[in-house]
Amino acid sequence: MDEIEIPAHFLCPISLQLMRDPVTVCTGITYDRENIERWLFSCKNNTCPVSKQCLLDRDLTPNHTLRRLIQSWCTLNASLGVERIPTPKSPIDRIQIVKLISAAKRFPESESQLKYLTRLRSIAFEGHRNKTCLESAGVIEFLASTMKNNTTQENSTVLSEAAIEVLFHLNLSEAKLKALVNNEGMQFIESLFHVLRLGSYQSRAYATMLLRSAFGVADPIQLVSVKTVLFVEIMRVLRDKISQQASKAALKLIVELFPWGRNRIKGVEGGAVLVLIELLIDASERRACELILIALNQLCGCAEGRAELLNHAAGVAIVSKKILRVSHVASDRGVRILASICRYSANARVLHEMLQVGAVSKLCLVLQVNCSFKTKERAKEILKLHSAVWKNSPCIPVPLLSSYP
């Protein structure tokens, strides 16, 4: 196939690959459907890629003549290894989806509902245009209702899991998500939590990512109303390491939630400090380390969080180790954590531990290297605060003692 010269007008101007489903935009230029839909809907562009003209009408007209020519060319070159492209399905329209949703509402039995949800899933996977049709037909409200109606079934999440998968793959815009959260309130959050608690690994990953998006547009009342059990389940997602995407979403979610109300204390009660320290020990990816340290710094803003970190045998040691080894952001948060401990939770045992694990030496090193001014000032403040205990300690290497303030 690579050695065959494909006629130029058979190639999509975006991908420069053979078109499988040629469609024409209002400027008269023909593209492969998948590529132009990604350009228009995923990348949020409103111009023709070739002519750069503004597309006042986003309708895509199938170019049947060109498709037949491409199929004939494929057939003629079959002996050279060219596969004939299949005739694409006719795009589904809004009326068909409305009928599908109406039928699903008429037959609420689990088996029938699952069949309709499976059909909606396959429609969503067929392209960006279908996702737009699904949204305009009211599928978001239907999916939210399905999830809400099944939260009472303690041992069954099959329908909720199917609905969440469709909802996740619709890639809802911020406006659509905000409308959903405002209309459904905490019931939508409870529906996601139901799957987070009882669903399969994949469904829990979808629920985590949707929760992160939902809380990103939620109002302050919803943010402070979070229960401890939510943090318990989020920690379970992190502990189970379902996927890198789910773990990142879980970390971003707790970072967004901890500053609100009593959420830091709820997080500590949900086991957040222990799980985050264990994750930090194994973490090597830069952004993951940063998010974990940001979350730990937030938790160390309360006495309960500091106590949990100090109770962990590796707490102070791993935080100190990550300073100057990951990024400026990680170093800054690591120094902040040590500052919180030294200001509010320091005792003879803690100060001695900081010497033993190299935390004091690391703070001296911070003063000698290229760090932000605020990070250096914070490190200097910590060293001055406990200089009577640390300054003449043999645990600090001689070259670093010269920088002790």
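## Helix α10 and its surroundings

In this predicted model, the buried residues of helix α10 are Ser203, Arg204, Ala205, Tyr206, Ala207, Thr208, Met209, Leu210, Leu211, Ala214 and Phe215. The elements that cover these buried residues include α7 (158-169), α8 (174-184) and α9, together with α11 (220-224), α12 (228-240) and α13 (244-257).

Helix α10 itself runs over residues 201-216, and its 16 residues reach 23 Å from the first C-alpha to the last, which is close to the 22 Å expected at 1.5 Å a residue.

## Leu196 in helix α9

Leu196 belongs to helix α9, which spans residues 186-198. Because its relative accessible area is 0%, Leu196 counts as buried.

When neighbours within four places in sequence are left aside, the contacts of Leu196 are Arg204, Ala207, Thr208, Leu211, Leu230, Glu233, Ile234, Arg236 and Val237. One of these partners, Leu211, is separated from Leu196 by 15 residues in sequence, while the C-alpha atoms of Leu196 and Leu211 are 9.4 Å apart in space.

## Nonpolar cores

The largest nonpolar core comprises 115 residues, and Leu167, Phe215, Leu276 and Leu309 are the residues with the most contacts inside it. Of these, Phe215 is also among the buried residues of α10. Leu167, for its part, touches Ile140, Leu143, Met147, Leu172, Leu180, Phe188 and Leu210, if residues up to four places away in sequence are not counted.

Another core lies apart from the largest one and has 19 residues, including Cys12, Ile36, Leu55 and Trp73.

Note on methods
Residues numbered from 1 in each chain as written. Predicted model: local features only at pLDDT ≥ 70, side-chain atom pairs only at ≥ 80, totals over all residues. Heavy atoms only, no water. Core = buried A, V, L, I, M, F, W, Y, C linked by side-chain atoms within 4.5 Å. Buried < 20%, exposed > 50% of the residue type's maximum accessible area, 1.4 Å probe, protein only. Contact = heavy atoms within 4.5 Å. Helix = DSSP H or I, 4+ residues; strand = E, 2+ residues; numbered from the N terminus. Expected span 1.5 Å × (residues − 1).
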